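Visitor: Could you take me through the packing and the charged pairs of this model, with the reasoning behind each answer?

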Amino acid sequence: MTIAIIIILVFIIAVLTIYNMSIHTKIHDFQSLHQKVINLNIIQDFINIAGSDIPVNNKIKEINNVIIDKYEVKYSTIVLFDGANYVIRATNVDQKHWDTLSSLHELDIFKDSIETTNPKYITVNNERERLPYQKSEFGRAKSAVFFPLYIDNIYIGYWLIESGTPHDFDNIDITVFETAKENMISAMKSVNYQKTLESLVRKDLFSGLNSAEYLYGNGKKIIDQYVSSAICMFKIANIVEINNISRELGNKTITKISEFIKRSISDSYIFVRYMGPKFVIVFCGVDANSASNFINELKESVERLDIKLEEKNFTVQELEAPVRNRKKKKKQNISVSPNLSFVVSTYYKGTGIETVLKSLETYLDDESHNINEINSI
């Protein structure tokens, strides 16, 4: 009888052990699933920030805020090398500690981490100790993880997370933060691309207009305020013939056309010199059909322009020059009228504006199309 009871108890214990193990596995799987959901949400937050129209420097700060909020870390600091100095791009640490945080790369304890690309975890054992990089502070941080940051194998700076509790990161899954780091770097790539484009924008000498790069940075922020917009590209079809008469006359033609169109369109539209004799007008929030009617009127008006160089009196030296040179001067009395070729298409928010522009350019370069018509594609 006693043996039977023991066997039953052993069986019950075995069943409960298996059940507990099953519950533990399910809890672990649930926690893993929960962490994956958190990571996916964070990735989406990073994507949304990278694609938003906020200033470039603010994007990195927003990324850091997501890390602090979603991963529930006490302090998070992103330090980037700008080519000359290490600059804190985002942090929630008091400014009095910034000099220390922006010079961590100088410490031997972190140099090895930078060289090997591996994160470095440091902590203290009691409240009286300091972390190696702390000079005068005791109470703020007691444990930290240092992550070197690389874009395409190029070292760009580091990310530091800190806690006010000793050994707070002892049992944390570092791979979770590695995932956050990789997603942060992906977002930074997009931010750096935007920053590069914005720095490339320049004013064209003859037209006084922004260059094409404007369309991919600040211009896109304006355009994407609308669900769709009409994008028109045109080129001066007879610019080669005009330049053959006089390069100066060709430059003046570009200037006069640019000035006329700029006066003729709304300030809410975007007008840039795309490349060479090609220009782009973005009718923000306007459908292509409505824009086509206006473009037709604009084409007729521009092509009625009579453009010529200012007449210039000959100097004594020029009068004494050979006759062939003086005849060349008479070309300044020749007037020209531009011929414009237009094509228009619709851009939808969230799609690639560069794809639309390339299609318009390809269409304009196809000489089989009638330049006298406003073509829609």
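The questions below turn first to the nonpolar cores and then to the salt bridges of this predicted model.

Visitor: How many residues does the largest nonpolar core have?
Guide: Several elements each supply at least two residues of this core, among them strand 7 (228–236), helix 8 (247–264) and strand 12 (340–348). The residues with the most contacts inside the core are Phe234, Ile261, Phe271, Ile281, Phe283 and Val302. The total for this largest core is 30 residues.

Visitor: How many residues are in the second, separate core?
Guide: Ile49, Leu149, Trp159 and Ala180 are included in this second core, which is separate from the one just described. Its count is 26 residues.

Visitor: Is Lys278 buried or exposed?
Guide: Lys278 lies in strand 9 and forms a salt bridge with Glu361, the closest N and O atoms being 4.0 Å apart. The partner Glu361 belongs to helix 12 (residues 353–365), 83 residues apart from Lys278, and the pair thus links distant parts of the chain. Because the relative accessible area of Lys278 is 9% and the cut-off lies at under 20%, Lys278 counts as buried.

Visitor: Which residue forms a salt bridge with Glu303, and how far apart are the closest N and O atoms?
Guide: Glu303 is partly exposed, with a relative accessible area of 23%, whereas Lys299 is buried at 5%. These two residues form a salt bridge, and the partner and the distance asked for are Lys299 and 2.7 Å.

Technical notes:
Residues numbered from 1 in each chain as written. Predicted model: local features only at pLDDT ≥ 70, side-chain atom pairs only at ≥ 80, totals over all residues. Heavy atoms only, no water. Core = buried A, V, L, I, M, F, W, Y, C linked by side-chain atoms within 4.5 Å. Buried < 20%, exposed > 50% of the residue type's maximum accessible area, 1.4 Å probe, protein only. Salt bridge = Lys/Arg side-chain N within 4 Å of Asp/Glu carboxyl O.
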